Amino acid sequence: MPTSRIQVVWSHPRSTSLTAAIAADVIAALRDAGATVDELDLARTDFDPRLLPVDEPDWEDPDHRYSDEVMAHASRSRSADAVVFVFPVWWYSLPAQLKGYIDRVWNHGLFYGAGRRAGIPAVRWLGVAGESEESFAKRGYDEMMARHLNVGIAGLCGIQDSRLELLYDALGEDIDDLDAHFTALRRRAVSAALEVLPTQG
């Protein structure tokens with residue numbers, strides 16, 4: 001069976017953050033499972049999230065060539081068997097750098113539009129959330145984020161296997177055993193990421 005190629009895209013300004021630790025765990029687990037991992041650390045690569053005119057969607061030309069940077073990043077994602085995003089939940093959404101990555105790279109004619117599709121079988125969104133599950137559910141933030149990411153982004157790009165895994169209480173407030181709590185969060189993230197690998201028959 002050919003080796004699965006998984007792209008892990010993560011975003012956090014601090015390399016010592018819980019988000020970074022989860023990204024590292026996910027990458028290690030995927031490699032241990034035999035996958036080839038293409039890691040994209042947006043913060044350490046200084047990815048520019050601004051959508052400049054050269055990368056504005058060209059609604060009239062699905063074959064439009066965007067900047068060399070965007071075309072290279074798009075090629076990396078489109079050649080993956082799955083993409084796993086790891087990010088902190090800020091303002092109940094993606095951090096600006098990751099949102100800018102989607103804006104620029106998952107562009108018209110490359111991932112959607114004019115019958116085009118991303119060609120990526122699966123996506124997992126691993127969101128590190130400071131608040132509790134109850135707090136998210138009370139206001140419907142969990143459903144809002146899931147619909148945005150799974151339908152508004154992945155669905156538009158033709159990706160049917162898309163799931164958001166929210167990792168709650170990442171700030172550790174009112175948690176008695178922090179070590180056990182953070183270990184559980186990291187294990188949940190790894191489990192969700194491993195779902196994108198093909199099952200062994």
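Which side chains meet in a salt bridge with an N to O distance of 2.6 Å? They are the side chains of Arg116 and Asp63. This pair links distant parts of the chain, for the two residues are 53 residues apart. Arg116 belongs to the loop between α3 (96–105) and β4, whereas Asp63 belongs to the loop between β2 (36–41) and α2 (68–78). With a relative accessibility of 28%, Arg116 is classed as partly exposed. Asp63, at 56%, is classed as exposed, because the class begins over 50%. The structure discussed here is a predicted model.

The salt bridge of Arg116 and Asp63 can be set beside others. Across the whole structure, a search finds 15 salt bridges. One pair to examine is Lys99 and Asp103, whose side chains meet at 2.7 Å, N to O. Both residues lie in helix α3, where they are four residues apart, about one turn of the helix. Lys99 has a relative accessibility of 32% and counts as partly exposed. Asp103 is also partly exposed, with a relative accessible area of 31%. A further salt bridge joins the side chains of Arg50 and Asp48, again with an N to O distance of 2.7 Å. Asp48 has a relative accessible area of 24%; it is therefore partly exposed, since the buried class lies under 20% and the exposed class over 50%.

Salt bridges may also be connected to one another. A network of them links Arg124, Asp161, Arg163, Glu165, Arg188 and Glu195. Within this group, Arg124 deserves a closer look. The residue lies in strand β4, which covers residues 122–128. Is Arg124 buried or exposed? Its relative accessible area is 5%, so Arg124 is buried, the limit for that class being under 20%. The side chain of Arg124 also makes a polar contact, at 3.0 Å, with the side chain of Glu195, a member of the network.

Strand β4 also contains Gly127. This glycine has a relative accessibility of 0% and counts as buried. Which distance separates the C-alpha atoms of Gly127 and Leu164? The two atoms are separated by 7.3 Å, while the residues are 37 residues apart along the chain. A pair with an equal spacing in sequence is formed by Ala74 and Phe111, also 37 residues apart along the chain. Their C-alpha atoms are separated by 8.3 Å. Ala74 is located in helix α2 and is buried, with a relative accessibility of 2%.

Another pair of residues gives a further view of sequence and space. Val54 and Ser4 are 50 residues apart in sequence, and their C-alpha atoms are 33 Å apart in space. Val54 is situated in the loop between β2 and α2. Its relative accessibility is 46%, and Val54 counts as partly exposed.

The loop between β2 and α2 also holds Asp46, a residue whose backbone invites attention. Most residues other than glycine have a negative phi. In Asp46, however, phi is near 55 degrees, a positive value in a residue other than glycine. Asp46 counts as exposed, at 64% relative accessibility. Asp174 likewise has a positive phi, of about 60 degrees, although this residue is not a glycine. The place of Asp174 is in the loop between β5 and α6. With a relative accessible area of 80%, Asp174 is exposed.

Asp174 leads to the surface of the model. Which residues form a negative surface patch? The patch consists of Glu131, Glu173, Asp174, Asp176, Asp177 and Asp179. One of these residues, Asp176, lies in the loop between β5 (161–167) and α6 (178–194), which is also the place of Asp174. Why does Asp176 count as exposed? Its relative accessible area is 84%, and the exposed class requires a value over 50%.

In review, the reader may return to two settings for charged residues. Arg124 is buried and takes part in a network of salt bridges. Asp176, by contrast, is exposed and belongs to a negative surface patch.

Note on methods. Residues are numbered from 1 along each chain as its sequence is written. This is a predicted model: local features need pLDDT of at least 70, side-chain atom pairs count only at pLDDT 80 or more; totals for chains, interfaces and linings use all residues. Side-chain values use heavy atoms; hydrogens and water are left out. Patches are made of residues with over 30% relative accessible area and no salt bridge: like charges are joined within 9 Å, nonpolar side chains (Val, Leu, Ile, Met, Phe, Trp, Tyr) within 5 Å. Accessible areas come from the Shrake-Rupley method with a 1.4 Å probe; for residues, only the protein chains shown count as cover. A salt bridge is a side-chain nitrogen of Lys or Arg within 4 Å of a carboxyl oxygen of Asp or Glu. Lys and Arg count as positive and Asp and Glu as negative; His and the chain ends are not counted. The place of a charge is taken as NZ of Lys, CZ of Arg, CG of Asp or CD of Glu. Buried means under 20% relative accessible area, exposed over 50%, partly exposed in between (1.4 Å probe, protein chains only). A polar contact is a pair of N or O atoms within 3.5 Å; within protein, one must be able to donate a hydrogen and the other to accept it, and residues adjacent in sequence count only if both atoms are side-chain atoms.
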